[in-house]
Amino acid sequence: MRKGSVKEVLAKIKYDPREDEGDYYIVIEHRGAYGNIKKIPVGMIELGHGYFFVGDAQIPYHRILQVVRRDGTVIWETRKL
């Protein structure tokens with residue numbers, strides 16, 4: 001399941017023409033949200049060097065807990081879970 005960094009996994013989803021970014025979402029640690037987690041569709045994010053962006057919000061990659069396919073398959077998960 002965990003092959004490479006989360007940034008590499010997201011870059012493959014976003015830039016590989018064989019992938020459809022609409023089929024994936026990320027689960028992030030988000031203090032204040034229900035259960036302290038939030039789901040964000042991969043299509044809504046822009047990748048940066050140490051952060052990714054959702055609109056004007058800059059979020060560090062270490063907040064990502066999982067990358068999940070729409071069918072529920074976890075394709076990347078942080079080691080802390």
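**Notebook: strand S6 and the S3-S4-S5 sheet**

I began with S6 and strand S7 (residues 74-77), which run antiparallel and are joined by three bridges. The model I am reading is predicted.

For the register of this pair, I noted Val 68 opposite Val 74 in S7. I then followed the chain between the two strands: S6 and S7 form a hairpin, with four residues separating them. In the turn, I recorded a positive phi of about 100° for Gly 72.

Next I looked up the pairing of S6 with strand S1 (residues 24-29), which is antiparallel and extends over five bridges. I found Arg 69 of S6 as the bridge partner of Tyr 24.

I then asked: is Gln 66 buried or exposed? I list Gln 66 as buried, because its relative accessible area of 18% falls under the 20% cut-off. Gln 66 lies in S6, which covers residues 64-69. Its side chain makes a polar contact of 2.7 Å with the side chain of Glu 77. Of the six residues of S6, five are buried, so I describe the strand as largely enclosed by the rest of the structure.

I turned last to an open sheet of three strands, ordered S3-S4-S5 and paired antiparallel. Strand S3 (45-47) and strand S5 (57-60) are at its edges; each has a single partner strand, so one side of each lacks a neighbour in the sheet. I noted an average turn of 30° between neighbouring strands of this sheet, direction ignored. Between S3 and strand S4 (residues 51-54) I recorded three bridges, in the antiparallel sense. Here Ile 45 has Val 54 in S4 as its bridge partner.

Terms used
Residues numbered from 1 in each chain as written. Predicted model: local features only at pLDDT ≥ 70, side-chain atom pairs only at ≥ 80, totals over all residues. Heavy atoms only, no water. Buried < 20%, exposed > 50% of the residue type's maximum accessible area, 1.4 Å probe, protein only. Polar contact = N/O pair within 3.5 Å; in protein donor to acceptor, adjacent residues only side chain to side chain. Pairing = 2+ DSSP bridges. Axes fitted to C-alpha atoms, helices over the stretch in contact; angles between N-to-C directions.
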